[in-house]
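This report describes a ligand site, the empty spaces in the protein, and some local backbone features. The sequence and the model are shown first.

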Amino acid sequence: MDEKQDTWLAQAGHIIDETTGSVAPPIVSTATFARDAQYDMRNGYMYARYSAPTTDHAEQIIKGIEGAEDTLLFNSGLSAVVALLEALPMGAKVVAPEVMYFGVLVWMQRQAAKGTITLSLYKPGDRASLERAVGDRADLVWVETPANPDWSVTDIRHAAQVAQAASASLAVDGTCAPPVTTQALALGADYSFHSATKYLNGHSDMTGGVLSVKAVRPEWEDIREVRKLQGTILPAFEAWLLIRGMRTLAIRWDACSANAMAIAAHFENHARVDRVLYPGLGSHSGHDVAASQMTRGFGGMMSFLVKGGFADALAMASRTQVFVPATSLGGVESLIEHRKTVEGDATDVAPNLVRLSVGIEDPINLIEDLEKALRPG
Ligand code: PLP
């Protein structure tokens, strides 16, 4: 892309509808496409489960900001992960972090239990642990950075070297570090993945997932085929909501990052908080690596380890008035969540961990709200 990301995003990739000249992107909602007089497809479209114009438009925007050779949108982040894993050979060795978004981990563990993949886990942020887990050979190395829900940071450049030496592909889940701050493909990843439900959309009004590839290889066509056959393409209306959301991605990211930094600094030494986990703080173990690969701020995701235990953290997460008690992240509205209640026994997340997705509200209201939730009465 030969222009600044912010310009590209604000103008939705400069794609003007040729039929109407509409400046706002249209929604083309159709299941099927008429053929021309020669019985050929008119614009390459045949059936909406295969590909469709509004989804293509959203893909072009993401392809541009990722610096990708190609991009595919799915109807959820998990659908994209499923397609990527399905395109691996039977019994492929997948290397993944032991701390990551638990839904992806659970899916990988299910596949490993069925024998379709073997799974080797590493401690995120620990280079030697990653090197050991990859060993001499692997098929896919999965990195999530910063990683849910302790925001540990993995060095993408290092992971790329390790993956390459083992003839593996590197996929980076940058859901919490969108391409305005982290350019995973330029840092060495083969695939960049995002739950588009989160920062890319930014308004908590659709679910979607996206995979972008640095250089198209045969596996990529396999991934496209899985999407087509499973029917997991992002539908037109959701693609349109995503396009609309992405037009403000850059300024939303800046606002979330500024608010989160103010909150992290305020609560870092708070009497009711054991630790604030936020890669933007100098005290975070991954701060230096994060600073080198999150070039435009650290975003809105952080966790508090609340003093006390399970009950104290759950009570705090239930008392906020501005932070909405809900799962998900990356929207304009701030959310709070007690992760142990959500993840249950599937992971060993700390029982006193409360996750915050900081939005774009006035930071004074956000800080006051958390103060009251931590000091009831
Ligand atoms: N990766 C990360 C880091 C996530 O936070 C999530 C969802 O919370 C996913 C993947 C899965 O995405 P989706 O919920 O859109 O399927």
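How many residues surround the ligand, and which are the closest? In this predicted model, the ligand is surrounded by 15 residues, and Gly77, Leu78, Asp173, Ser195 and Thr197 are the closest. By class, the shell around the ligand has five nonpolar, seven polar and three charged residues.

Three contacts between the protein and oxygen atoms of the ligand are listed below.

| Residue | Protein atom | Ligand atom | Distance |
|---|---|---|---|
| Glycine 77 | backbone N or O | oxygen | 2.9 Å |
| Threonine 197 | side-chain N or O | oxygen | 2.7 Å |
| Lysine 198 | polar side-chain atom | oxygen | 3.0 Å |

On its own the ligand has 390 Å² of accessible area, and the protein covers 91% of that area. Two elements, helix 3 (77-86) and strand 6 (191-195), give two or more residues each to the shell around the ligand. Glycine 77, whose backbone makes the contact at 2.9 Å, is the residue at which helix 3 (77-86) begins. Ser195, listed with the closest residues, is the residue at which strand 6 (191-195) ends.

The next topic is empty space in the protein. Rolling a probe the size of a water molecule over the atoms shows where such space is left. How much space lies in the largest pocket? The volume of the largest pocket is about 530 Å³. Its lining consists of 15 residues, and Asp17, Thr19, Val28, Tyr45 and Pro53 are the closest to the pocket centre. Eight residues of this lining are nonpolar, four are polar and three are charged.

There is also one cavity of 30 Å³ or more. The largest cavity holds about 30 Å³ of space. Its lining is made up of Thr145, Val172, Gly174, Ala177, Thr182, Ala184, Ser192 and His194. Of these residues, three are nonpolar and five are polar, with no charged residue in the lining. Ser192 and His194 line the cavity and fall within the residue range of strand 6 (191-195), an element that also gives residues to the shell around the ligand.

Thr145 has a further role in this account. A cis peptide bond, with omega of about -15 degrees, joins threonine 145 and proline 146. Proline 146 sits in the loop between strand 4 (140-144) and helix 6 (156-165). Proline 149 is found in the loop between strand 4 and helix 6 as well, and a cis peptide bond joins proline 149 to asparagine 148, with omega of about -10 degrees. Serine 167 is not a glycine, yet has a positive phi of about 60 degrees; serine 167 is placed in the loop between helix 6 and strand 5 (169-173). As background to these entries, most residues other than glycine have a negative phi, and most peptide bonds are trans.

The last topic is charge pairing. The whole structure contains 14 salt bridges. One of them pairs arginine 224 with glutamate 221, with the closest N and O atoms 2.9 Å apart. How are the two residues placed along the chain? Arginine 224 and glutamate 221 are three residues apart in helix 7 (residues 218-230), so about one helical turn separates them.

Notes
Residues are numbered from 1 along each chain as its sequence is written. This is a predicted model: local features need pLDDT of at least 70, side-chain atom pairs count only at pLDDT 80 or more; totals for chains, interfaces and linings use all residues. Side-chain values use heavy atoms; hydrogens and water are left out. On a 1 Å grid over the protein atoms alone, a cavity is a set of points where a 1.4 Å probe fits but cannot get out, and a pocket is an open set with protein on both sides within 12 Å along at least five of seven lines; lining residues have an atom within 4 Å of a point. Grid points are joined across faces, edges and corners, and a volume is the space filled by probe spheres set on the points. Ala, Val, Leu, Ile, Met, Phe, Trp, Tyr, Cys and Pro count as nonpolar, Asp, Glu, Lys and Arg as charged, and the others, Gly among them, as polar. A residue is near a molecule or strand if one of its heavy atoms lies within 4 Å of it. A polar contact is a pair of N or O atoms within 3.5 Å; within protein, one must be able to donate a hydrogen and the other to accept it, and residues adjacent in sequence count only if both atoms are side-chain atoms. Accessible areas come from the Shrake-Rupley method with a 1.4 Å probe; for residues, only the protein chains shown count as cover. Helices (H or I, at least four residues) and strands (E, at least two) are DSSP runs, numbered from the N terminus. A salt bridge is a side-chain nitrogen of Lys or Arg within 4 Å of a carboxyl oxygen of Asp or Glu.
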